[in-house]
Amino acid sequence: MMKKILAAAIVSAFAAPAFAATANVDIYGAFRGSVDFVDADGFDSRTRVSSNNSRIGFKGAEDLGGGLSAIWQWEYAFQLDQQSATNTFQSNNDTQGSNSSRHTFVGLSSKTLGSLTLGTQESPLKTSTGPLAVFGDTLADYRSVFTKLSTRSDNSVMYTSPTMTGLTLRAMYGARNENGVTATEDSNMYAASVVYSNGPLYATLAYESNEDVSTTVSKNDAWRAGVGYTFGNTKLGLAYEDNDRDDSAVTTTANDGSAWYVSVSHKMGNVTLGASYTDRDEYTSGADNGAKQYAVGATYSLSKRTELYALYTEVKNDTNGTNNIGAATGIATVSTVAGGDASGFSLGMNHSF
């Protein structure tokens, strides 16, 4: 008996300091697996398993006194679907997922002055209309067609203001190429947003500018506006984006365009029904590269952290459009030919912790 008591005391003595050292660390994440049945013009229909931006993260804060805290976060995407035999990182294509760093930073936070963070961070443009998404991080993610500039910037510094009666300001600078290599040595981005979220009303306005994006793209800008309203168990969302891209080759104006997005969801007990529609106009040297995306689905909540869902989405391209499902979303793409259509039916399960 005495040996058991002594052993317990030794374990407690070593465990207590370790726990104290990590007491300010929160572990969070989401498993977002689905089975997708996808089809597209020019390609064979197929069945696949998708990870849908499954991730794990750690975050923490240390109280420095006087309303000031040191804050940090590390987040990483992991895969539930196919990996290579050599377990190397994967590209984000039709059959393979991508392991990657996500929203990761360190900084200081003040209750009265706001926070200043640096690292790999979500652009204010990207996060501005996120709350309006009905099918975010699924096969039907609205970003597939809505935007051509939805970014997470490495080497970034971001200021976030305190929330004042529902109003929050964000401003970011990103040094895209800190190595200073070749024609993109001055590659950088600027972004800012204002968000109002108070009671049933959500409204936002955001802008982003990217300089020396690549050896062929000298500039890519976009501004975005969105509004959402909740009444009872029904939520409505509306968003608009306009983007302008300047190519080094002056004969082309690729990706100049604008897009509308509208969404609705309605909760009935454990069931939530949703629908969304996106319409994008885009022209490259006069060619019509626009598209439309439709999505409908239903979610059933098993608990506060676990849900099942079923959804259908379709992208219908204009004459020369090559928009696909999954573009710029982190979801494995469903590509199609110019002027073709792509569609998919998805059955999934989400578990957050």
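Is Glu 122 buried or exposed? In this predicted model, Glu 122 is buried, because its relative accessible area is 12%, which falls under the 20% limit that defines a buried residue. The paragraphs below place this residue in the wider picture of the chain.

The protein chain contains 3 helices and 19 strands, and of its 353 residues, 42% count as buried. When contacts between residues at least 6 apart in sequence are considered, 57% of them join residues at least 24 apart. The chain exposes about 17,600 Å², of which carbon and sulfur atoms supply 61%.

Several strands pair with one another towards the end of the numbering used here. Strand 15 (residues 271-284) and strand 17 (residues 291-301) run antiparallel and are paired over 10 bridges, with Ala 291 of strand 17 serving as the bridge partner of Arg 280. Strand 17 is also joined to strand 18 (residues 306-317) by 11 bridges, again in the antiparallel sense, and here Thr 313 of strand 18 is the bridge partner of Ala 295. The connection between strand 17 and strand 18 is a hairpin of 4 residues.

The largest nonpolar core has 14 residues, among which Leu 139, Leu 311, Ile 325 and Val 334 touch the most other members. Two or more residues of this core come from each of strand 1 (25-40), strand 17 and strand 18, and strand 18 gives the most, with 3 residues. A second core, separate from the one just described, consists of 8 residues, including Leu 132, Val 195, Tyr 202 and Ala 239. As background to these cores, nonpolar side chains in soluble globular proteins tend to be buried together.

Nonpolar side chains are also found at the surface, where Leu 201, Val 227, Tyr 229, Phe 231, Leu 236, Leu 238, Trp 260, Val 262 and Val 264 make a patch of about 760 Å². At least two residues of this patch are supplied by each of strand 12 (217-231), strand 13 (234-247) and strand 14 (256-268). Leu 201, another member of the patch, is placed in strand 11 (residues 201-211); this residue is partly exposed, because its relative accessible area of 33% lies between the limits of 20% and 50%.

Charged side chains form 13 salt bridges in the model. In one of them, Glu 75 is paired with Arg 102, and their closest N and O atoms are 2.6 Å apart. The two residues are 27 positions apart and belong to distant parts of the chain, since Glu 75 is in strand 4 (residues 68-77) and Arg 102 is in the loop between strand 5 (100-101) and strand 6 (104-110). Both Glu 75 and Arg 102 are buried.

Glu 122, the residue of the opening question, forms a salt bridge with Arg 152, with an N to O distance of 3.2 Å. Because Glu 122 lies in strand 7 (residues 114-122) and Arg 152 in strand 8 (residues 152-160), the pair ties together parts that are 30 residues apart in sequence. Whereas Glu 122 is buried, Arg 152 is partly exposed, with a relative accessible area of 26%.

A further salt bridge, with an N to O distance of 2.8 Å, is formed by the side chains of Arg 280 and Glu 282, and both of these residues are buried. Finally, Arg 55, Asp 137, Asp 141 and Arg 143 are joined into one network by salt bridges that share partners.

Note on methods:
Residues numbered from 1 in each chain as written. Predicted model: local features only at pLDDT ≥ 70, side-chain atom pairs only at ≥ 80, totals over all residues. Heavy atoms only, no water. Buried < 20%, exposed > 50% of the residue type's maximum accessible area, 1.4 Å probe, protein only. Contact = heavy atoms within 4.5 Å. Areas by Shrake-Rupley, 256 points an atom, 1.4 Å probe, with all protein chains shown as cover. Patch = residues over 30% accessible without salt bridge, like charges linked within 9 Å, V, L, I, M, F, W, Y side chains within 5 Å. Salt bridge = Lys/Arg side-chain N within 4 Å of Asp/Glu carboxyl O. Pairing = 2+ DSSP bridges. Core = buried A, V, L, I, M, F, W, Y, C linked by side-chain atoms within 4.5 Å.
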